[in-house]
There are 2 protein chains.
Amino acid sequence: MTTFTQVTVVGTGALGAQIAFQIANHGIPVCAWDVDDQAVAAAQARLQSILTQYLADVGDDHRKAAEEAVARITFTTDLTSSVRDADLVIEAVPEKLELKQKIYNHLGEAAPDNTVFATNSSTLLPSQLADATGRPERFLALHFANHIWQQNTAEIMGSPRTDPAVYDNVVTFASEIGMIPIPVRKEQPGYVLNSLLVPFLNAAAALVLRGVAEPETIDTTWRTGTGAPMGPFEIFDIVGLRTAYAISSTSHDAGAQLLAEYLKTNFLDKGKFGAESGEGFYTYP
Amino acid sequence: MTTFTQVTVVGTGALGAQIAFQIANHGIPVCAWDVDDQAVAAAQARLQSILTQYLADVGDDHRKAAEEAVARITFTTDLTSSVRDADLVIEAVPEKLELKQKIYNHLGEAAPDNTVFATNSSTLLPSQLADATGRPERFLALHFANHIWQQNTAEIMGSPRTDPAVYDNVVTFASEIGMIPIPVRKEQPGYVLNSLLVPFLNAAAALVLRGVAEPETIDTTWRTGTGAPMGPFEIFDIVGLRTAYAISSTSHDAGAQLLAEYLKTNFLDKGKFGAESGEGFYTYP
């Protein structure tokens, strides 16, 4: 028996759908909410492509179990009923503060008092949303990464008002659904992974912007020097250059501003978004 | 026929001895200089342990070739005669500006006019040494990493006065001796690898110092999130905590100063220097 036995995922975009699949794939029924029938249809299609990608990664002998997992996910456009029986609600709607606050106001009214709320937000702090939930002690961040079954870290970060027992339960639950729990002990922007990635990628970009070395040279250096499978510009392409632009253009750091300009001029304006678009620092088949 | 056919390595410490071995192991005779008989004896012992480590890495069927390589290295304590026939002199004496300048003054007098000089300095810029060589256009940095045959990058960085043809010859030579040449196009402290490593390691340390996460958690996050074989604190232990302290304590950055203090109190003062001493962030057999 898992710590939470009925989970609702609110928002079924790229990551929301993967979260629903990962949980269902560990035997837990998931209710998936999105805003209208069109969004639900898109999510159902997305689940099929997740299934394909997952089986390509883990092998076709997992097909039956994975198809059962998909069948364990029910869809709804009714937010109130979606959380009526939920032990845990994981919110993965777009990164807009007001949208999330509005959703949490609604969820706070609709869900049972003891339901735990977790946001997958990458950019907002739990403290910015805690009041809107009406249950700050039962609210925290549970942050997943894309390609969830492979890059299976789940970063858990509370606000100062999160109940430590709730925090611990979510850490346990993360393990139960096949994630490696990453306890983040103090609320801060960027969690752990991005707190390392952002300065690392900025340092790499600064070398290019200052004309010190070419991206390929820098990647070779990092791979050879540290044994890593990817250098910083290969990571840029995977993260996506639009995401990198979004992060750097909103930074107050002068170097990050230069990077944003460089990405826009040399890549975004030319339709080069990284691996997803077939071209970024490198080209992809 | 390699670009340079007679090489002198000046200074036979940990890296100087590996450089001599790497070059000799590619068929080129090497003259190795150090300051006195005791230093030469130490270098000869060091070569034997390099041989052992190298064969453990690449397999004992390379023994004959590797022993021939060692035999291709001759030792001397006479700096003048050591460079009389050298096409290329690689300097790897301790990182003291005045010592290096004095050595280059001597080398500049003793070596043929067309001999190229390369410093392995990690911390000094070629510009700081160029005048002392008396041949700034034939002088640059050729920077190797420890465990040279595995972490086989050679970063090549000129001063603004380095002749581009000399630069290109050294890039070619780096390939000829089994290195991956990393052309650094603009003189700057830290070359490429350390320009990435230092901000990366500082960011990781900042998370620990601010109480956000434990070293093990951070390492797990990085390994899982990026597929790298080592996280930042595993890298700290390999780099060595005395080296990390030396770099951070001389930085003007406030975060680096905090890191230096943390390393001193929690590690150096307790004799924990990282992997080399058996204990750092982790323990080693």
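A residue counts as buried when its relative accessible area is under 20% and as exposed when that area is over 50%. The exercises below apply this and other ideas to a predicted model.

**Exercise 1. Decide whether Leu107(A) is buried or exposed, and describe its surroundings.**

Step 1. Begin with the location: Leu107(A) lies in helix H5 of chain A, which covers residues 97–110.

Step 2. Compare its accessibility with the cut-off: the relative accessibility of Leu107(A) is 0%, and because buried means under 20%, this residue counts as buried.

Step 3. List the neighbours: leaving aside residues up to four places away in sequence, Leu107(A) touches Val10(A), Leu79(A), Val83(A), Val89(A), Phe117(A) and Arg135(A).

Step 4. Add a distance: Arg84(A) is 23 residues away from Leu107(A) along the chain, and the C-alpha atoms of the two are separated by 9.4 Å.

**Exercise 2. Describe how helices H8 and H10 of chain A pack, and say which kinds of residue make the contact.**

Step 1. Recall what is needed: two packed helices are described by the angle between their axes and the distance between the axes.

Step 2. Give both values: the axes of H8(A), residues 193–209, and H10(A), residues 232–239, cross at roughly 115° and come within 10 Å, and the crossing is left-handed.

Step 3. Name the residues: H8(A) contributes Leu197(A), Phe200(A), Leu201(A), Ala204(A), Ala205(A) and Val208(A), while H10(A) contributes Pro232(A), Phe233(A), Ile235(A) and Phe236(A).

Step 4. Sort them: the contact of H8(A) with H10(A) has 10 nonpolar residues, no polar and no charged ones.

**Exercise 3. Carry out the description for helices H11 and H12 of chain A.**

Step 1. H11(A), residues 241–249, and H12(A), residues 254–266, pack at an angle of about 145°, and their axes are 8 Å apart; the crossing of H11(A) and H12(A) is left-handed.

Step 2. On the side of H11(A), the residues in contact include Tyr245(A) and Ser248(A), and on the side of H12(A) they include Gln257(A), Leu263(A) and Lys264(A).

Step 3. Sorted by kind, the residues of the contact of H11(A) with H12(A) are 7 nonpolar, 3 polar and 1 charged.

**Exercise 4. Work out how the compactness of chain A compares with that of a globular protein of its length.**

Step 1. Chain A is built with 12 helices and 8 strands.

Step 2. Its radius of gyration is 20 Å, close to the 19 Å that the globule rule gives for 285 residues, so chain A is as compact as a globular protein of that length.

Step 3. Complete the picture with burial: buried residues make up 51% of the 285 residues in chain A.

Definitions and conventions:
Residues are numbered from 1 along each chain as its sequence is written. Chains are lettered from A and ligands numbered from 1 in the order in which they are written. This is a predicted model: local features need pLDDT of at least 70, side-chain atom pairs count only at pLDDT 80 or more; totals for chains, interfaces and linings use all residues. Side-chain values use heavy atoms; hydrogens and water are left out. Axes are lines fitted to C-alpha atoms, for helices over the stretch in contact, and angles run from 0 to 180 degrees between N-to-C directions. Helices (H or I, at least four residues) and strands (E, at least two) are DSSP runs, numbered from the N terminus. A crossing is left-handed if the near helix is turned anticlockwise from the far one by less than a right angle, and right-handed if clockwise. Contact means heavy atoms within 4.5 Å. Ala, Val, Leu, Ile, Met, Phe, Trp, Tyr, Cys and Pro count as nonpolar, Asp, Glu, Lys and Arg as charged, and the others, Gly among them, as polar. The radius of gyration is taken over C-alpha atoms; the globule rule is 2.2 Å times the number of residues to the power 0.38. Buried means under 20% relative accessible area, exposed over 50%, partly exposed in between (1.4 Å probe, protein chains only).
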